[in-house]
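Please open the model in a viewer and keep the selection panel at hand. The tour proceeds by selections, each followed by a description of what is found there.

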Amino acid sequence: MEAVSTKEKNQASFSPETMAEIQRLLPRFPEGRQKSALLRILHLVQEENDGWLSTAVMDRVAEILNIQPIEVYEVATFYTMYNLKPVGKYLLEVCHTGPCAIEGAERLLEYLKQKLAIGIGETTTDGLFTLKTVECMGACGYAPMMQVGEFYHEHLTEAKIDRFLEDCRAGKVALGTWKLG
Amino acid sequence: MSRKLLLEHAEIPGITTYEVYRRQGGYRAVEKALKEMTPESVLDEVKISGLRGRGGAGFPTGMKWSFLAKPEGIPRYLLCNADESEPGTFKDRLLMERLPHLLIEGMIASAYALGCRTAYIYIRGEYKWIVKTLERAIAEAYANGWLGERILGTDFSFDLHVTPGAGAYICGEETALIESLEGKRGNPRLKPPFPAVSGLWNSPTLVNNVESLCAVVPIVNEGGEAFSAIGIGRSTGTKLISACGNINKPGVYEIELGLPVEEFIYSDEYCGGIKNGKQLKAVVPGGSSVPILPAHLILKTAAGEDRLMSYESLAEGGFVSGSMLGSGGFIVYDEDQCIVRNTWNFSRFYHHESCGQCSPCREGTGWLEKVLHRLEHGHGRMHDIDLLVDISKKIEGNTICPLGDAAAWPVASAVRHFRDEFEWHVREPQLSQQRNFGLAREAVAV
Ligand SMILES: Cc1cc2nc3c(=O)[nH]c(=O)nc-3n(C[C@H](O)[C@H](O)[C@H](O)COP(=O)(O)O)c2cc1C
Ligand code: SF4
Ligand code: FES
């Protein structure tokens, strides 16, 4: 994990909507077991923090749940959906497990790499796209696929990718939210 | 046309809403269970049905339920395993997307039988939109009195919540799921104690797959006997099969257990045959963790009998010539697919997903991946093939949880059935980079 400056530390604060959402989640677990809400809370605050978890954000979550920061870091580093570095506005998560590989996931990844001029794990200089590989997403029959925000894009082709990237650039792509509202 | 017990109403417009679901006879199972049956008699029907866990292991659900410890004054928990991360498996997703109320109904009836006051659906975080589908349905169920205090005016009260994971295959293993639900890393626990005695927050806990819990609805409605009349032998009822790979019609099919594999692959009602008129090369019938079988062994057993879609028939021959029904993730490979590459891909998956607690799994999956990478990319040596078998044996049975076995079996079975293809990669390093081995028979002529 990256070192943070003391300036950044503990300065994270969340919007009233996020705080309300957190308060709505806590009573789902018995008294004293509120740590169970941690995974969901991290999804929420990651969404609010431009798609990644900074140390300051994680420390604030620890405060809210009244647990040690290390308990939050342990979780944040274990699960692949949490990003510990800044990511682009559109995080393209391409599945490359067996069934998707049969249907050309690797070719598609190469295409995306070339088209965006980035490698896996990298972000375009305009900050719009980050490319990431993920393991089986439960869409094997509709392969190849990628997830962007809340949505699965299935039966992908190069033409569909082209159109999708254009829509992103034109700001026409919704990402969805963890908030129930 | 085979009978549909779970997906019968899946295509009805608006079936995700309470009104439409109720109009189709939804929540009858809850009415029947709570008003006409005791918890024990619900459990008995599940036992009589012969239902076996649909999550992968196929353990009899009724027996599993009867193991749940019932100490006085300690809450018990029911957990729905909606982690669905086994490569090739995408059936629970369909159930939850289309029939969220079926799952809720099944969970109410199950919780009643088990005496659970609270339950959680643990769903993989990537299924973010389904979290919302389920939460909308749960809100409707509360609003209509099917959840909450004193349901239907009885003494039975029950709360149900959804809670997401965040990307980790291992959280499908039940003790890892429990750890994750407690807000921790998904490290599987040492057993014993088993969750049935000490699980979530040290309370007796029962973990069942989405499909298993949905199946409780037809079992309560029509009786365990009716359920067990469908299927074959100890493989009773229907099973959802998610079919993918080189077939004409990938998708989720509800089959009556006992359907011949050949019919499943070639009939237009199901997979519709191999795509582009190609030949069948191999099948992984139950998700990436189960042994791969070459065409001749998936269509017929070693004894020459028709292979059936059932727990017993798919396992016939043990690991020498059989496989497993597993989660129902049915992956079909045509003649153009490279077994070495596919095996490498899966071993990369297991290495990536190993939680890292036990060295045979953590190190072994890494070794498997490296050796397979070498073989696939034309740098392999002949003894690497036996090295793979050796590593698999050292992982198998030596780990805290079955992920180790799940990583070892696909490799061991690929080498067992396709050794000639592995050897060809070593003998023809250049050629193997340009084209595939194809079907073994054809390769002999090369
Ligand atoms: C590595 C691993 C991953 C698993 N993943 C899942 C899963 O995604 N969904 C599931 O229902 N069961 C999964 N299981 C099986 C569960 O541990 C458990 O047996 C199952 O949820 C029990 O439910 P059932 O009896 O209704 O099948 C997995 C097991 C292992 C070892
Ligand atoms: S077998 Fe693998 S996944 Fe399971 S506990 Fe051990 S290291 Fe973790
Ligand atoms: S392999 Fe890509 S979704 Fe399953």
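Begin with strand E13 of chain B, which is mostly covered: six of its six residues are buried. The model is a predicted one, and the selection to make is residues 329-334 of chain B. Colour the two sides of the strand separately: Gly329(B), Ile331(B) and Tyr333(B) lie on one side, while Phe330(B), Val332(B) and Asp334(B) lie on the other. Both faces of E13(B) are covered, and all of these residues are buried. In a regular strand, side chains alternate between the two faces of the sheet.

Next, add the strands that pair with E13(B). Select strand E7, residues 238-245 of chain B; E7(B) and E13(B) pair in the parallel sense over four bridges. Two positions serve as landmarks along this pairing. Gly245(B) stands opposite Val332(B), and Cys244(B) stands opposite Ile331(B). Then select strand E10, residues 280-284 of chain B, which pairs with E13(B) in the antiparallel sense over four bridges. Here Ala282(B) has Tyr333(B) of E13(B) as its bridge partner.

Now display the whole sheet. Five strands of chain B form an open sheet in the order E8-E7-E13-E10-E11, with mixed pairing. The edge strands are E8 (251-256) and E11 (293-294) of chain B, each of which pairs on one side only. Helix H5 of chain B packs on this sheet, where it touches E7 and E8 of chain B. The direction of H5(B) makes about 115 degrees with that of E7(B).

Select H5(B) itself, residues 91-98. Is this helix largely enclosed or not, and how many of its residues are buried? Six of the eight residues of H5(B) are buried, so the helix is largely enclosed by the rest of the structure. The buried residues are Lys91(B), Asp92(B), Arg93(B), Leu94(B), Leu95(B) and Met96(B).

Move on to strand E4, residues 205-209 of chain B. Five of the five residues of E4(B) are buried, so this strand is largely enclosed by the rest of the structure. Thr205(B), Val207(B) and Asn209(B) occupy one side and Leu206(B) and Asn208(B) the other; both faces are covered. With E4(B) still shown, add strand E1, residues 77-82 of chain B, which pairs with E4(B) in the parallel sense over five bridges. Within this pair, Tyr77(B) stands opposite Thr205(B).

Select next helix H2 (residues 28-36) and helix H9 (residues 210-222), both of chain B. Two packed helices are described by the angle between their axes and the distance between the axes. For H2(B) and H9(B), the packing angle is about 60 degrees and the axes are 9 Å apart. This angle makes H2(B) oblique to H9(B). The crossing of H2(B) past H9(B) is left-handed. To show the contact, display Arg28(B), Ala29(B), Lys32(B) and Ala33(B) of H2(B) together with Val217(B), Val220(B) and Asn221(B) of H9(B). The contact residues comprise four nonpolar, one polar and two charged.

Finally, turn to chain A and select Phe29(A), found in the loop between helix H1 (16-25) and helix H2 (38-48) of that chain. Where are its contacts, leaving aside residues up to four places away in sequence? Phe29(A) touches Gln34(A), Ser36(A) and Ala37(A) in chain A, and Tyr120(B), Thr163(B), Leu181(B) and Trp201(B) in chain B. The relative accessible area of Phe29(A) is 6%; because buried means under 20%, this residue counts as buried.

Methods
Residues numbered from 1 in each chain as written. Chains lettered and ligands numbered in written order. Predicted model: local features only at pLDDT ≥ 70, side-chain atom pairs only at ≥ 80, totals over all residues. Heavy atoms only, no water. Axes fitted to C-alpha atoms, helices over the stretch in contact; angles between N-to-C directions. Parallel < 35°, antiparallel > 145°, perpendicular 65-115°, else oblique. Left-handed = near helix turned anticlockwise from the far one by under 90°. Contact = heavy atoms within 4.5 Å. Nonpolar A, V, L, I, M, F, W, Y, C, P; charged D, E, K, R; others polar. Buried < 20%, exposed > 50% of the residue type's maximum accessible area, 1.4 Å probe, protein only. Pairing = 2+ DSSP bridges.
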